[in-house]
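The following account is intended for a reader meeting this structure for the first time. Please keep the sequence and the model in view while reading.

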Amino acid sequence: MEQDAVEQLAVAQDGPLVRDVFPDLTAQLVRLLEAEGEHRLAVCAYDLRLLAECDCRNAFCQSFRTHRHPPGTPYGPGHRMVALDPGNGFLNLDVVDGRIVYVELVDRPPAAPGLTAAVRRR
Ligand SMILES: [Zn+2]
């Protein structure tokens with residue numbers, strides 16, 4: 001397979017761009033990461049893909065996964081958590097080897113009515 005075709009396949013499997021689904025959230029993430037001096041993560045945040053919503057089913061949770069990870073397994077030694085201050089609620093990122101794998105959004109106003117719909121459409 002041509003390299004382009006491989007990349008297009010990967011994109012198709014990785015879900016919609018978060019910035020297309022939640023432009024406001026992406027802008028906020030990038031801004032907060034830049035403010036923390038996390039410039040590399042700010043670039044990652046712009047290109048995040050919405051893979052799956054959190055399956056905890058808590059009404060106050062809008063967290064979502066941005067990279068595949070086997071459920072129930074630890075992230076490993078390359079993991080760190082980046083806690084941001086969005087001004088309301090909690091906005092934390094799980095970062096593994098420099099990649100944002102999980103966006104934790106708790107006690108926040110709805111980012112968009114389409115979170116569940118965007119994931120379920122897939
Ligand atoms: Zn959750």
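The paragraphs below treat the helices, an aromatic pair, a strand residue and the metal site in turn. The model is a predicted one, and residues are numbered from 1 along each chain.

A convenient place to begin is helix α3, residues 23–35. This helix has 13 residues, and its first and last C-alpha atoms are 18 Å apart, close to the 18 Å expected at 1.5 Å a residue. Its buried residues are Leu25, Thr26, Gln28, Leu29, Leu32 and Leu33. They lie on the same side of α3, because they cover an arc of only 160° around the axis. An α-helix has 3.6 residues a turn, so residues three or four places apart point the same way. The face of α3 turned away from the buried side carries the exposed residues Asp24, Arg31 and Ala35. The cover over the buried residues of α3 includes the helices α2 and α4 together with the strands β2, β3, β4 and β5. Just after α3, glycine 37 adopts a positive phi of about 80°.

Helix α4 comprises residues 39–46, and Leu41, Ala42 and Ala45 are buried in it. Viewed down the axis of α4, these buried residues fall within an arc of 105°, so they line one face of the helix. Arg40 and Val43 are exposed and belong to the face of α4 turned away from its buried side. Among the elements that cover the buried residues of α4 are α3 and the strands β3 (79–84), β4 (90–96) and β5 (99–106).

Which parts of the chain does the aromatic pair link? The model contains 1 aromatic pair. Phenylalanine 22 and phenylalanine 64 form this pair, which is tilted, with 6.1 Å from centre to centre and 40° between the planes. Phenylalanine 22 is in the loop between α2 (18–21) and α3, whereas phenylalanine 64 is in strand β2 (residues 64–65); the two are 42 residues apart, and the pair thus links distant parts of the chain. Phenylalanine 22 counts as buried because its relative accessibility is 3%, under the limit of 20%. Phenylalanine 64 counts as buried as well, at 0% relative accessibility.

Strand β5 includes valine 101. Since its relative accessibility is 5%, valine 101 counts as buried. Leaving aside residues up to four places away in sequence, valine 101 touches Arg65, Thr66, His67, Tyr75, Asp94 and Val96. One of these contacts, histidine 67, is 34 residues from valine 101 along the chain, yet the C-alpha atoms of the two are separated by 4.7 Å.

The last subject is the zinc ion and the cysteines. Which residues are the protein donors of the zinc ion? They are Cys54, Cys56 and Cys61, each through its SG atom, at 2.1 to 2.2 Å from the ion. Along the chain, these donors follow the spacing C-x1-C-x4-C. Cysteine 54 and cysteine 61 are both buried. For cysteine 61 the relative accessible area is 18%, which is under the 20% that bounds the buried class. Cysteine 44, by contrast, is partly exposed, with a relative accessible area of 26%. The count of disulfides in the model is 0.

Conventions: Predicted model: local features only at pLDDT ≥ 70, side-chain atom pairs only at ≥ 80, totals over all residues. Heavy atoms only, no water. Phe/Tyr/Trp six-rings, centres within 6.5 Å; stacked < 30°, edge-to-face > 60°. Helix = DSSP H or I, 4+ residues; strand = E, 2+ residues; numbered from the N terminus. Buried < 20%, exposed > 50% of the residue type's maximum accessible area, 1.4 Å probe, protein only. Arc of directions from axis to C-beta. Contact = heavy atoms within 4.5 Å. Donors = N, O, S within 2.8 Å, 3.2 Å for Na, K, Ca; no water. Disulfide = S-S within 2.5 Å. Expected span 1.5 Å × (residues − 1).
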